[in-house]
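The exercises below are meant to be worked through with the sequence and the coordinates side by side. Each one sets a task and then follows it with a solution in steps.

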Amino acid sequence: MSPIYVISDDEKIDGQFVHPEKALNHTLFGGGTYILLFNHAIFIKEEIGYGSPKYIIFVDK
């Protein structure tokens with residue numbers, strides 16, 4: 001699978017093209033906000049302060 005672009009408040013991965021597995025590991029197991037830009041989908045995770053993280057997935061067919 002092609003590398004995907006990441007926007008995040010995590011400086012280790014923000015603004016980089018990375019392998020999807022690496023990006024998803026950071027997103028699912030790290031705190032903070034992540035936007036993963038795939039070819040035909042966008043995955044957004046928002047986790048600010050306390051409470052459950054919120055996930056949004058947009059898919060363009």
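**Exercise 1. Place S8 in its strand and describe the surroundings of its side chain.**

Solution. S8 belongs to strand 1, and it should be kept in mind from the outset that the model is predicted. The next step is to ask on which side of the strand S8 falls: strand 1 has a covered face made of I4, V6 and S8, and an uncovered face made of Y5 and I7. S8 counts as buried because its relative accessibility is 11%, which is under the 20% limit for a buried residue. Turning to polar partners, the side chain of S8 reaches the backbone nitrogen of D10 at 2.9 Å, and it also reaches the backbone oxygen of T33 at 3.0 Å. Once residues up to four places away in sequence are set aside, S8 touches I13, D14, T33 and Y34.

**Exercise 2. Determine which strands pair with strand 1, and in which sense.**

Solution. Begin with strand 2 (16-18), which pairs with strand 1 in the antiparallel sense over 3 bridges; within this pairing, V6 stands opposite Q16. Then take strand 3 (34-37), which is joined to strand 1 by 4 bridges and likewise runs antiparallel to it. Two residues of the uncovered face of strand 1, Y5 and I7, can be followed across to strand 3, where the bridge partner of Y5 is L37 and I7 stands opposite I35. These two partners, I35 and L37, make up the uncovered face of strand 3, whereas Y34 and L36 make up its covered face.

**Exercise 3. Continue from strand 3 to strand 4 and strand 5, and state how strand 5 is covered.**

Solution. Strand 3 and strand 4 form a hairpin with 3 residues between them, and they pair in the antiparallel sense over 4 bridges. In this pairing, the bridge partner of Y34 is K45 in strand 4. Strand 4 (residues 41-46) is in turn joined to strand 5 by 6 bridges, again with an antiparallel run, and I42 stands opposite F58 of strand 5. As for covering, strand 5 (residues 54-59) is hardly covered, since the count of buried residues among its 6 residues is 0.

**Exercise 4. List the largest nonpolar core and examine the contacts of I4 and V18.**

Solution. The largest nonpolar core has 8 residues, namely I4, V6, I13, V18, A23, Y34, L36 and F43. Strand 1 and strand 3 each supply at least two residues of this core. In soluble globular proteins, nonpolar side chains tend to be buried together. I4, which lies in strand 1, is buried because its relative accessible area is 3%. With neighbours within four places in sequence left aside, I4 is in contact with Q16, F17, V18, P20, A23, L36, L37 and F38. A further step compares sequence with space: I4 and N39 are 35 residues apart along the chain, yet their C-alpha atoms are separated by 7.8 Å. V18, treated with the sequence neighbours within four places left aside, is in contact with P3, I4, V6, I13 and A23.

**Exercise 5. Work out which polar partners D10 has, and where the salt bridge of the structure is found.**

Solution. D10 lies in the loop between strand 1 and strand 2. D10 is buried yet has no salt bridge, the nearest side chain of opposite charge being that of K12, 5.2 Å away; a salt bridge would require a distance within 4 Å. The side chain of D10 does, however, reach the backbone nitrogen of K12 at 3.0 Å, and a polar contact of 3.1 Å joins the side chains of D10 and Y34. Residues up to four places away in sequence not being counted, D10 touches H26 and Y34.

The structure holds 1 salt bridge, and its partners are E47 and K45, whose closest N and O atoms are 3.0 Å apart. Side chains of opposite charge can pair when their charged atoms come close. The two partners are not covered alike: K45 counts as buried because its relative accessibility is 1%, while E47 counts as partly exposed because its relative accessibility is 27%.

Technical notes:
Residues are numbered from 1 along each chain as its sequence is written. This is a predicted model: local features need pLDDT of at least 70, side-chain atom pairs count only at pLDDT 80 or more; totals for chains, interfaces and linings use all residues. Side-chain values use heavy atoms; hydrogens and water are left out. A nonpolar core is a set of buried Ala, Val, Leu, Ile, Met, Phe, Trp, Tyr and Cys residues joined through side-chain atoms within 4.5 Å. Buried means under 20% relative accessible area, exposed over 50%, partly exposed in between (1.4 Å probe, protein chains only). Contact means heavy atoms within 4.5 Å. Lys and Arg count as positive and Asp and Glu as negative; His and the chain ends are not counted. A polar contact is a pair of N or O atoms within 3.5 Å; within protein, one must be able to donate a hydrogen and the other to accept it, and residues adjacent in sequence count only if both atoms are side-chain atoms. Two strands pair if DSSP finds at least two bridges between them.
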